[in-house]
Amino acid sequence: MKEMKYEEAVRQLETIVDKMERGELDVDSMAAQLNQAQELVKLCKQKLKHTDDEIQKLLGDQ
């Protein structure tokens, strides 16, 4: 997955969830979209962890 901003990853996740809730995905598409959603969630978690680490570092330096 290409490097993307946290906000873009969240938007893509919201789009996938919306399509699933509206029943717009067939079984094959749903499997692919779920796989993409897992990757997006992983990316978001990494970005949040990195940000938290940076904040903790800054607060520790004070």
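Which residue's side chain does E3 meet in a salt bridge? The partner is K47, with N and O 2.7 Å apart. Keep in mind that everything here comes from a predicted model.

**Overall form**

Let's step back to the whole chain before returning to that pair. The protein chain contains two helices and zero strands. Its radius of gyration is 15 Å, whereas the globule rule gives 11 Å for 62 residues, so the chain is more spread out than a compact globule. The C-alpha trace tells you the extents directly: about 55 × 20 × 15 Å along the principal axes.

Burial can be read alongside those dimensions. Of the 62 residues, 16% count as buried. The accessible surface comes to about 5100 Å², and carbon and sulfur atoms account for 53% of that area. As for contacts, take those between residues at least 6 apart in sequence: 74% of them join residues at least 24 apart.

**Charges and salt bridges**

The chain carries 10 positive and 14 negative side chains, and the centres of the two sets are 4 Å apart. Side chains of opposite charge can pair when their charged atoms come close. In this structure there are five salt bridges, and the table shows three of them, including the pair from the opening question.

| Positive residue | Negative residue | N to O distance |
|---|---|---|
| K47 | E3 | 2.7 Å |
| R11 | E8 | 3.2 Å |
| R22 | D18 | 2.3 Å |

Start with E3 and K47, whose side chains form the salt bridge in the top row. E3 lies in the segment before α1 (6-21) and K47 in helix α2 (residues 27-61), so the bridge ties together parts that are 44 residues apart in sequence. The two ends have their own surroundings: E3 counts as exposed, at 62% relative accessibility, while K47 is partly exposed, with a relative accessible area of 22%.

The pairing of R11 with E8 sits within helix α1. These residues are three apart in sequence, which means about one helical turn separates them. R11 is partly exposed at 46% relative accessible area, and E8 also counts as partly exposed, at 28%.

In the last row, the side chains of R22 and D18 meet with N and O 2.3 Å apart. Salt bridges with shared partners extend this pair into one network of D18, R22 and E24. Within that network, D18 is partly exposed, with a relative accessible area of 31%.

**Two buried positions in helix α2**

Is Q33 buried or exposed? Q33 has a relative accessible area of 18%, and the cut-off for buried is under 20%, so this residue counts as buried. Q33 lies in helix α2. Leaving aside residues up to four places away in sequence, Q33 touches I16 and L25.

L43 is another residue of helix α2. At 11% relative accessibility, L43 counts as buried. Which separations, in sequence and in space, go with L43 and M4? The two are 39 residues apart along the chain, and their C-alpha atoms are 8.7 Å apart.

**Pulling it together**

If you are exploring the model on screen, two pairs make handy starting points for following links across the sequence. One is E3 with K47, joined by a salt bridge; the other is M4 with L43, 8.7 Å apart from C-alpha to C-alpha.

Key
Residues numbered from 1 in each chain as written. Predicted model: local features only at pLDDT ≥ 70, side-chain atom pairs only at ≥ 80, totals over all residues. Heavy atoms only, no water. Helix = DSSP H or I, 4+ residues; strand = E, 2+ residues; numbered from the N terminus. Rg over C-alpha atoms; globule rule 2.2 N^0.38 Å. Buried < 20%, exposed > 50% of the residue type's maximum accessible area, 1.4 Å probe, protein only. Contact = heavy atoms within 4.5 Å. Areas by Shrake-Rupley, 256 points an atom, 1.4 Å probe, with all protein chains shown as cover. Lys, Arg positive; Asp, Glu negative; His and termini not counted. Charge placed at Lys NZ, Arg CZ, Asp CG, Glu CD. Salt bridge = Lys/Arg side-chain N within 4 Å of Asp/Glu carboxyl O.
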